Amino acid sequence: MFSKILIANRGEIAIRVMRACRELGISTVAVYSEADKNALFAKYADEAVFVGPSPSSQSYLKMDNIIKAALETGAQAIHPGYGFLSENTRFASACEENGIVFIGPPSMAIDAMGSKITARQTMKAANVPIVPGIEEGISDLDEAAEIADRIGYPVILKPAAGGGGIGMKIVMSREELMPALTSSQSVARSAFGDDTIYIEKYLTEPRHIEFQILADRKGRTIYVSDRECSIQRRHQKLIEESPSPVMTEDLRERMGGIAVKAAKAIGYVSAGTVEFMYSRGDFYFLEMNTRLQVEHPITEMVTGVDLAKEQIQIAAGEDLGYAQEDMQIRGWAIECRINAEDPLNDFAPSPGKLKRYRSPGGPGIRVDSGVYTGYVIPPYYDSLISKLVAHGRDRKEAIARMQRALYEYIVVGVKTNIIFHKAVLRNARFNSGDINTHFIKEENIMEAVKEVSVQDQEKGMSLASALGADTRKIAAISAAVESYLTQPKAQEKS
Ligand code: MV4
């Protein structure tokens with residue numbers, strides 16, 4: 001086992017990895033940028049090395065600086081977290097060349113999933129179901145029209161080098177094909193430097209369901225749990241749950257088996273996620289994420305497996321601590337990503353100082369975060385304040401606990417998306433489990449968010465008059481605080 005690991009990331013995920021290290025008796029090295037001088041993760045680490053100015057291009061993405069920090073502190077391995085260098089094959093190779101273990105898959109496995117077309121070819125050859133379409137780039141409009149006629153409209157154009165929905169175009173008919181192709185190619189060229197486009201059948205109401213997998217160096221590969229990630233906005237996941245509401249034991253065995261097959265087809269080692277689109281009982285391989293994901297805690301809550309610890313142990317050459325038969329789903333877990341952003345202003349980032357901050361607790365609640373009262377959320381990185389996770393014996397209890405936790409959450413100083421989460425959690429269709437990737441639009445959730453906002457504000461106003469306080473002061477306090485402050489009042493009455 002390693003005695004020292006460098007964590008090449010920031011925020012809550014850096015802390016998550018360092019927690020695993022502490023439990024394993026491994027000392028930790030943080031790297032931090034100018035903006036993260038006062039960040040919690042840099043304080044939590046045993047050692048912290050400054051790696052450059054605030055923009056991540058000059059710090060967290062500077063491979064040389066990070067490798068140098070590892071060599072100078074004597075760290076034997078680097079954990080990349082998610083984002084930044086986590087799926088960068090050059091970085092994985094650079095670690096290897098310097099005798100440092102990259103805590104993740106072999107660079108070959110990252111490469112195999114880099115091009116969507118190559119990934120589709122590999123998966124097809126391995127008998128993993130893929131969305132009907134082609135496994136080659138299209139060369140011209142006539143060819144595109146021929147293929148679209150064959151698979152039938154609607155179709156979707158996707159950049160081969162892409163990800164996250166960039167450059168994708170839905171095409172309803174032959175007339176729309178030419179402008180869509182031109183647009184896709186141009187976006188792909190400027191975003192990825194590669195304008196190769198391929199075509200798939202467009203699925204109208206897919207769910208996004210993914211499988212967590214673990215694989216050790218000896219080739220033992222298991223699926224851990226499924227996760228439903230359909231509640232997203234502009235390809236940004238906001239709420240995830242495990243298991244998926246559509247999951248049955250039979251479906252989990254089938255999809256999990258396919259996920260394992262997909263991982264084995266590329267010689268995968270480490271923790272990883274196989275993404276599927278699910279539609280009316282059918283499911284198709286979408287892509288594979290070769291990293292520990294943001295939403296990994298919901299899998300940890302329902303299975304009891306510590307994914308970060310397993311990942312480190314596998315990287316150290318140890319055998320997987322579990323067999324497939326050991327995996328059991330216990331209850332239900334939901335995660336809400338609490339972001340410093342304004343849902344009433346197109347989710348614009350809201351960086352700044354947390355003048356007051358209190359996160360919820362109590363039965364079944366887990367909060368993964370890298371912030372504290374008085375901390376200033378910098379404008380340079382993602383706006384995640386915390387990952388709020390609720391676990392219950394079933395979906396109903398998990399939802400009730402999440403609602404109770406959202407009620408308890410206090411954030412003053414920055415805008416948050418807590419009202420968005422409140423709006424989704426009280427939606428009837430969400431509660432029935434009937435969700436897909438178009439849920440937020442279809443259910444007009446943004447109107448419900450406005451209602452929640454008004455209700456929380458009214459609570460604050462009545463509080464202001466009851467307390468005889470300065471109305472402007474009260475109005476400046478966030479909705480979460482307003483609901484919190486009404487609690488003692490209700491208790492006095494009873
Ligand atoms: C699709 C699709 C429907 N049909 N492909 C968007 C991001 C990328 N990961 C794949 N995406 C989609 N591909 C076909 N053939 C719908 C989406 C999609 C989506 C997928 C997963 C999660 C959220 C999504 C939101 C909108 C569209």
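In which loop is Asn127 found? Before selecting this residue, please note that the model is predicted. Asn127 is found in the loop between α6 (116-125) and α7. With the backbone of Asn127 displayed, its phi angle may be inspected: the value is near 65°, which is positive although the residue is not glycine.

**The whole protein**

Next, select the entire protein and display it as a cartoon. The secondary structure comprises 18 helices and 22 strands. The radius of gyration is 23 Å, close to the 23 Å that the globule rule gives for 494 residues, so the protein is as compact as a globular protein of that length. If the display is reduced to the C-alpha trace, the span along the principal axes is about 70 × 60 × 45 Å.

**Two cis peptide bonds**

Proceed along the chain to Tyr153 and Pro154. These two residues are joined by a cis peptide bond, with omega of about -5°. Pro154 lies in the loop that runs between α7 (141-151) and β6.

Then select Ser242 and Pro243. The peptide bond from Ser242 to Pro243 is likewise cis, and its omega is near 0°. Pro243 belongs to the loop between β11 (236-242) and α9 (249-265).

**The ligand and its surroundings**

Now centre the view on the ligand and select the residues around it. There are 16 of them, and those that come nearest are Lys158, Glu200, Lys201, Leu203 and Gln232. By character, this shell divides into seven nonpolar, five polar and four charged residues.

Three distances deserve display. For Glu200, select the side chain: one of its N or O atoms is 2.9 Å from a nitrogen atom of the ligand. For Lys201, select the backbone instead, where a polar atom is 2.6 Å from a ligand nitrogen. The backbone of Leu203 also offers a polar atom, at 2.9 Å from a nitrogen atom of the ligand.

A surface view may follow. Taken alone, the ligand exposes 520 Å², and the protein buries 90% of that. To see which elements give two or more residues to the shell, colour β6 (155-159), β8 (197-201) and β13 (282-289).

**Confidence along the chain**

Finally, colour the model by pLDDT. The mean for the protein is 93, and 93% of its residues reach 70 or more. Select strand β14 (residues 332-339), which has the highest mean pLDDT of the elements, 99. Then select helix α18 (residues 479-493), where the mean is the lowest, 46. Over residues 485-494 pLDDT stays under 50, and the model has four contacts beyond four places in sequence for this stretch. Where pLDDT is low, the predicted coordinates should not be read in detail.

Definitions and conventions
Residues are numbered from 1 along each chain as its sequence is written. This is a predicted model: local features need pLDDT of at least 70, side-chain atom pairs count only at pLDDT 80 or more; totals for chains, interfaces and linings use all residues. Side-chain values use heavy atoms; hydrogens and water are left out. A residue is near a molecule or strand if one of its heavy atoms lies within 4 Å of it. A polar contact is a pair of N or O atoms within 3.5 Å; within protein, one must be able to donate a hydrogen and the other to accept it, and residues adjacent in sequence count only if both atoms are side-chain atoms. Accessible areas come from the Shrake-Rupley method with a 1.4 Å probe; for residues, only the protein chains shown count as cover. Helices (H or I, at least four residues) and strands (E, at least two) are DSSP runs, numbered from the N terminus. Ala, Val, Leu, Ile, Met, Phe, Trp, Tyr, Cys and Pro count as nonpolar, Asp, Glu, Lys and Arg as charged, and the others, Gly among them, as polar. pLDDT is the predictor's confidence in each residue, from 0 to 100. Contact means heavy atoms within 4.5 Å. The radius of gyration is taken over C-alpha atoms; the globule rule is 2.2 Å times the number of residues to the power 0.38.
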